[in-house]
Every structure is written in structure tokens, then in C-alpha cells.
Amino acid sequence: MSFFYSKDSIEDLKERVNIVDVVGRVVPLKRSGSNYKGICPFHNEKTPSFVVSEQKQIFTCFGCGATGNVFEFMKRYYNLEYIEAVEKLADEYGITLEKRNRDDRRDRYYEVNRLAAAFFYRAFTEKANRGYSYMKRRGIAPPVLKKFGIGYADPEWTSLVDYMNSQGVDNKMLIELGLAAESKGRVYDKFRNRVMFPIINTSGKVIGFGGRALSDEDNPKYLNSPENIVFKKKNNLYGLNISRQSVGKEGFIILVEGYMDVIALYQSGVHNVAASLGTALTENQAALIKRYTDNVVLSYDADSAGRNAALRGMDILKNAGCKVRVLHVSDGKDPDEFVKKNGREAFMKLIDNALPYGDYKLDAAKSGLDLSSNEGRIDYIKRAAEIISSMSPVERDIYIAKAAKEAGVSESAVRMEVSPEYAGSVHGEALRGGSGGRGAEKSPGDEEIIAGRDRDLLILAMRREHYIDTISTMTEIFSQESSARIFNVIEKDYRENGALDENRVMDALTDSDRMLLKEACDSTPFYEDEEKVFRDCMRDWKLSCLTEEEEKIITMLSLADETGDDRKLKTLMERLKIIQMDIQAERNLG
């Protein structure tokens, strides 16, 4: 987001709407004294325990503990971020919010994409065409086609260009958005003779298109919009605008490879599904998923490309803090074919049997090896050790045992292969509990964003200088090296000049760090309670330190247990008890 809403306009919105009216549109309410009661929309209950106070303008559920103001209700009910909830409420009540630093181009680009989507949809629905016939042959029903806004680009060279020009849209903008192309001074439609899949973000804005060729002569088979000011593949997922509420209700998301997989599963009744826009899963997409759920099922094609994509995706999602499972379609090339042939219940059974992260990775490690030979077992253990070394101590114990059993070797041998440098030192790198720990290096070309605690701390430092002094005393509070570098520049500017200047900070950063900070600032809305955000950051940092120490001690305990060192075992157990009490105390504070 390239603008911020003023605090006064947000407060004005909250004053002008009545929470009873907002909640009452989606939850049947009955007056109970001075309040209103109803069935909670956030958990299953038969006896009403959901109360809305008109006087206090808040809601509270005495069953599940959900509570908050009208913005919090909008966030929870529609699975929105705070600023998205504010925008949705303002739009529904026809209230204009005051914007600052607004980039008008983005709104115009969104509008042009919307006009194009409507043009393609009319071409798809108003008269017979090859696109509609194709989707009908694929078994997709009209209500589902309408739900996803499926369209049709006819074979003519300038149908869309002519229409857009008649609406006052210039060719330069059409070319920038990838709706048109130019050759030898002639501007023509980029999408021709294709079924059109509009790509819509979670705010409901059309950001791009995917077009499926209807003829073998038209290449490529799938043609997608190019990257532009409003369309970044790495930041979005196809279908999430429709499925996000179901994701919240079901408690997990199913990630598939293609548009048709999403649509076919949705039609079958599997609504908590999205696709990664034909690109390898990115960290940004993983962060987007984390907004709605921690649980992910990857459903990729069963071929080698699908398996490799699953392996890459698992690591990215795990590093983002998600719990990942993988299923491969056993009867049919992809989820689209499988669900049409076997139905929803059969697909749900595949989900139930999906392999967790460790099991899938170890299973993949056997690929191409003969485990009946010594060479095959040795190669398998080497592969397994590399996988297991990135796991937490508890996971290591589980999967060391599994790998040892699979290869027919002792657990001690696998343990030494996983961490040959164990020497009992709590500072050893092998005791850090995996590659996701503080200071983990990134490979060149990896996608990167500033997220979580790092993002909040940098934004607080940029917006309120008084936080800089406190943050600077916290050693290693930043989990990303880029965040630490950026904060050093912020602190240096503040110390040298007595006051922070955003332009000076941006000028002093490297190009890559400048882009990271700008993206963080642009995508971070107004904090309703900055002090609470800061306290949460401090608590999160302390918890991460305690958890890291807990993992180290657990690993040391497993070593002490093997060596029979009772005195060391007792000392470690006492220290572990103290650490775990501290962790529980911090969690109780939250």
C-alpha cells in the first residue's frame, strides 16, 4: 500500500457506524437487557454466548473468548487484515477515508483491469463462443464460472484495444498492464482465442489475468499478465479472494498448481483451496498464507516436476512457521481430473493420508536408491541426515529413529551422521535447532521481505523516535541480517542529527535494503496501539530466546542420557525446568 489513512478519519468511521447494525447483518441478534445476544459466528455453539454492547460498541463471546470493536469483528468474520477491515466498512457505509501519500496510478490500473475483466466476461456469457464450450466440456457449472469471473478473449486482433480506446484508456497503459502488445507501430490484443482467468487479490481488485489457449497453434498454453505496478506474482495466490473465509473455518489451506485445479475442487465442495499462479512458491506467498492459517496441504502433480515443487514449497512454508503436509494424486494426473472422476470424499481421504513434512522428505530421500545394498543405505542416511539436521530437537529424535529403522542401522550412528560435531557445548552450531535460527544465511537470489517482529520494530523506530533507544539495547533482537543493517542506519541518523529524517535514512541505505524498508513501510497500516505492538515485540523476542535455549538443553539432555552422565543430566533437567517455567510465564502474559 502506497498511502496511509489518517487516524482522525478512522476514528470518525468508528464513531459513525453502529456495531449492532454491522454485526446484525450477518448474525441474528436478539435484545437482552441493554445488550444483544446471538450465536457466535467464530465457533460452533447451540446456546447463545455472543454479546454485542451498543453502549460500549464492542462484542464479546463468553464461549470462545473473541472480543473487540467493530474493526476487530470485520477482521475476524471476513478474514481481513486491520486496514482491509477499515476499508471494507468505509466502502459499505459510503464513507470516504482521508488518504496521505496516495499513488493515483494504482487506482487507475485497477480500474482498467476491472474493465478488461468485465469485457472478457461479457464475451464469455452473451453469445456462443469456443471458451464457454471448452469450460462446459471440462464440466464446470455456470454458477462456478460466474463465481470466478471466467471470461473469453476472441481470436480478433484488436477487440479489447478498440473497446478500451472507446472508454478513454490509452494504448500505453494497456501495454504496461500486458493487455496489449505493439509491433511495427501496430497495437494489438495480447490475449486472443483464450479462456480468461481474472486474478483478484484479497482486497477484491483485479490485478492480472491468465489465459488458456483454445488451439494447439496458440502458444504458450497458458499466457499470464507480466509483472507491473499492481501485479506481483510472488505476492498473490489465485482463488484466495474466494477461499480465504473457508480457509479460516476449515483450519487449513490446500495449495494446488493450476487455475483449473482450484475451480474443479471448489465446484466439488472443497472451498479452502488456492494456487500459486504457476510460479514456484515464494516467501511472500507463505507470509500471505500465514495470515489465514498455519496448516497447509500441498497437492501437486505426481510427476517429478510436481514432487520437486512440493519439496521446495515445504521448506519455504516450514521456514514461515507453517505445518505442511503433501498429497499426490494417485488416480489421475492432477486434482482436477481426480475429483471429477472420484468425487469430493475420495479427495478428502487423500488429504487425511497426506504425509507430514518429515515423512515426505525422508520418503523422497529414498528416490533412486537401492536400500538392500550397503551403498544405497549409506547414501540414504547421508541424505536423511541433511534433512534431519534442519529440524527441531524433538523432530530429530522422531526422524532419527525412522531413518535408522528404514536403513537398518543404529540410531546412534544416524545421530552422529546428523551432528558429528556434538561435543557437549551449548554454544555449538549443531545445537541451534536447525537452519531457521537467528543469523541463518540466505542463498543468493532467495526472495526476501521484512516480516513479523523485525518489520514492526523498524516501523516503530521510523514513526516514533523514542523507541530507538530501547531497541538499540536489545542484542540480536532482529532475526534478519537485513533488518539489523537497516536499524543501524536508522540509529546512526538519529544519533548524528538529533532527529530522524526518513529521506536521509533512505539515501543512506543500499538499493536492496532501501527496497525492503520501503516495502515494509508501504505494506504496514496505521497501528491502533503502538505500545501494545512494541510490548508484543519484546515478549516475542524474549520467548524466542527462551525457546532457543530450551531446544539446546533438550539436545544436551539426549546426549547426557546416552553417555550416562547422571550429574550433568540433573543439572540440565533443573535448568530446563526453570526455562520452561519462564516460557509459560511469558505466554501467560500474552
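This is a short tour of selections to make in a predicted model.

**Stop 1: the open sheet**

Start with the sheet of 5 strands. Its order is β15-β14-β16-β17-β18, the sheet is open, and the pairing is mixed. Find the two edges: β15 (273-275) and β18 (355-356). Each has a single partner strand, so one side of each has no neighbour in the sheet. Strands of a sheet pair through backbone hydrogen bonds, either parallel or antiparallel.

Now select β14, residues 253-256, together with β15. The two run parallel and are paired over 3 bridges. For one residue pair, pick Val 256: its bridge partner in β15 is Ala 275.

**Stop 2: helices across the sheet**

Keep β14 and β15 on screen and add residues 259-268. This is helix α11, which lies across both strands. The helix runs at about 170 degrees to β15.

Next, select residues 344-352. This is α15, and it lies across β14, β16 (295-300) and β17 (323-328). Against β17, the angle of α15 is about 130 degrees.

**Stop 3: an enclosed helix**

Move to residues 357-365, helix α16. Is this helix largely enclosed or largely open? It is largely enclosed by the rest of the structure, because 7 of its 9 residues are buried. Colour the buried ones: Tyr 357, Gly 358, Asp 359, Tyr 360, Lys 361, Leu 362 and Ala 365. Charged side chains are included here, with Asp 359 and Lys 361 both on the buried list.

**Stop 4: a hairpin**

Select residues 180-189. Strand β9 (180-183) and strand β10 (186-189) run antiparallel, joined by 4 bridges. Ser 183 has Arg 186 as its bridge partner in β10. The two strands form a hairpin, with 2 residues between them. Click on Lys 184 in the turn: its phi is positive, about 55 degrees.

**Stop 5: backbone exceptions**

Most residues other than glycine have a negative phi, and most peptide bonds are trans. Three places to check against that follow.

- Asn 193 sits in the loop between β10 and β11. Its phi is positive, near 55 degrees. The residue is buried, with a relative accessible area of 8%.
- Asn 79 lies in the loop between α3 (70-78) and α4 (82-92). It is not a glycine, yet its phi is positive at about 55 degrees. Is Asn 79 buried or exposed? It counts as buried, because its relative accessibility is 17% and the cut-off for buried is under 20%.
- Pro 220 is in the loop between β12 (206-213) and β13 (222-224). Select Asn 219 with it: the peptide bond from Asn 219 to Pro 220 is cis, with omega near 0 degrees.

**Stop 6: a cavity**

How many cavities of 30 Å³ or more are there? The count is 2. Go to the second largest, with a volume of about 30 Å³. Show its lining as sticks: Phe 148, Pro 198, Ile 200, Tyr 238, Gly 239, Asn 241 and Ile 242.

Which elements each supply at least two residues of this lining? They are β11 (194-200) and α10 (240-250). Colour the lining by class to finish. It has 5 nonpolar and 2 polar residues, and no charged ones. Among the polar residues are Gly 239 and Asn 241.

Notes. Residues are numbered from 1 along each chain as its sequence is written. This is a predicted model: local features need pLDDT of at least 70, side-chain atom pairs count only at pLDDT 80 or more; totals for chains, interfaces and linings use all residues. Side-chain values use heavy atoms; hydrogens and water are left out. On a 1 Å grid over the protein atoms alone, a cavity is a set of points where a 1.4 Å probe fits but cannot get out, and a pocket is an open set with protein on both sides within 12 Å along at least five of seven lines; lining residues have an atom within 4 Å of a point. Grid points are joined across faces, edges and corners, and a volume is the space filled by probe spheres set on the points. Two strands pair if DSSP finds at least two bridges between them. Buried means under 20% relative accessible area, exposed over 50%, partly exposed in between (1.4 Å probe, protein chains only). Contact means heavy atoms within 4.5 Å. Axes are lines fitted to C-alpha atoms, for helices over the stretch in contact, and angles run from 0 to 180 degrees between N-to-C directions.
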